[in-house]
Amino acid sequence: MAFASDAEKLAAYDAFVAEVRAELEDVATRMEELKGADRVKTATYRQLFATRITLKDIDRRLREHGL
């Protein structure tokens, strides 16, 4: 995808940041629901755990760059 302007590129970065943070929040909520149902040993919980680690790392890197 080619960007016509810096403004479009910035808007794309902003959208990416918002998506990452929304997904991180959703994953955390789903994990809490599973934890409340005592389902922390399920494959779903473990997949969410791995996803959360990845999203947290992406979020950390974005914050380090002021995004």
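Start by selecting Thr-51, which at 30% relative accessibility counts as partly exposed. The model on screen is a predicted one. Thr-51 sits in helix α2. Leaving aside residues up to four places away in sequence, Thr-51 touches Glu-23 and Val-27. Draw a distance from the C-alpha atom of Thr-51 to that of Glu-23: the two are 28 residues apart along the chain and 9.4 Å apart in space.

**Helix α1**

Now select residues 6–36, which form helix α1. How far apart are the end C-alpha atoms of this helix? They are 45 Å apart, and the 31 residues of α1 should span 45 Å at 1.5 Å a residue, so the two values agree.

Within α1, colour the buried residues: Val-17, Val-20, Leu-24, Val-27, Met-31 and Leu-34. These buried residues pack against α2, residues 43–64.

Two other positions in α1 can be picked out for contrast. Arg-30 lies in this helix and is partly exposed, with a relative accessible area of 38%. A distance drawn from the C-alpha atom of Arg-30 to that of Arg-60, 30 residues away along the chain, reads 21 Å. Glu-32 is also part of α1. At 53% relative accessibility Glu-32 counts as exposed, the cut-off being over 50%. The C-alpha atoms of Glu-32 and Ala-18 are separated by 21 Å, with the two positions 14 residues apart along the chain numbering.

**The loop**

Move past the end of α1 and select Asp-38, which is found in the loop between α1 and α2. Is Asp-38 buried or exposed? Asp-38 is exposed, with a relative accessible area of 67%.

Check the backbone here as well. Asp-38 has a positive phi of about 55 degrees although it is not a glycine. Most residues other than glycine have a negative phi. For a distance back into the chain, take the C-alpha atoms of Asp-38 and Asp-26: they are 12 residues apart in sequence and separated by 19 Å.

**Helix α2**

Next select residues 43–64, helix α2. This helix has 22 residues and reaches 32 Å from its first C-alpha to its last, close to the 32 Å expected at 1.5 Å a residue. Its buried residues are Tyr-45, Leu-48, Leu-55, Asp-59 and Leu-62. Turn the view to look down the axis of α2: the buried residues fall within an arc of 95 degrees, so they line one face of the helix. What covers them includes α1. On the face turned away from the buried side are the exposed residues Ala-43, Arg-46 and Glu-64.

Stay in α2 and centre on Asp-59, which lies in this helix. Why does Asp-59 count as buried? Its relative accessible area is 9%, and buried means under 20%, so Asp-59 falls within that class. Show the residues around Asp-59: Val-20, Arg-21 and Leu-24 touch it, not counting residues up to four places away in sequence.

Just after α2, select Gly-66, which takes a positive phi of about 80 degrees.

**The two helices together**

Finally, show α1 and α2 at once. Two packed helices are described by the angle between their axes and the distance between the axes. Here the axes of α1 and α2 come within 9 Å and cross at roughly 145 degrees. The crossing is left-handed.

Select both sides of this contact. On α1 the contact is made by Phe-16, Val-17, Val-20, Arg-21, Glu-23, Leu-24, Val-27, Arg-30, Met-31 and Leu-34. On α2 it is made by Thr-44, Tyr-45, Leu-48, Phe-49, Thr-51, Arg-52, Leu-55, Lys-56, Ile-58, Asp-59, Leu-62 and Arg-63. Colour this selection by class: the contact has 13 nonpolar, two polar and seven charged residues. Thr-51, where the tour began, is in the α2 list, and Glu-23 and Val-27 are in the α1 list.

Note on methods:
Residues numbered from 1 in each chain as written. Predicted model: local features only at pLDDT ≥ 70, side-chain atom pairs only at ≥ 80, totals over all residues. Heavy atoms only, no water. Helix = DSSP H or I, 4+ residues; strand = E, 2+ residues; numbered from the N terminus. Expected span 1.5 Å × (residues − 1). Buried < 20%, exposed > 50% of the residue type's maximum accessible area, 1.4 Å probe, protein only. Contact = heavy atoms within 4.5 Å. Axes fitted to C-alpha atoms, helices over the stretch in contact; angles between N-to-C directions. Left-handed = near helix turned anticlockwise from the far one by under 90°. Nonpolar A, V, L, I, M, F, W, Y, C, P; charged D, E, K, R; others polar. Arc of directions from axis to C-beta.
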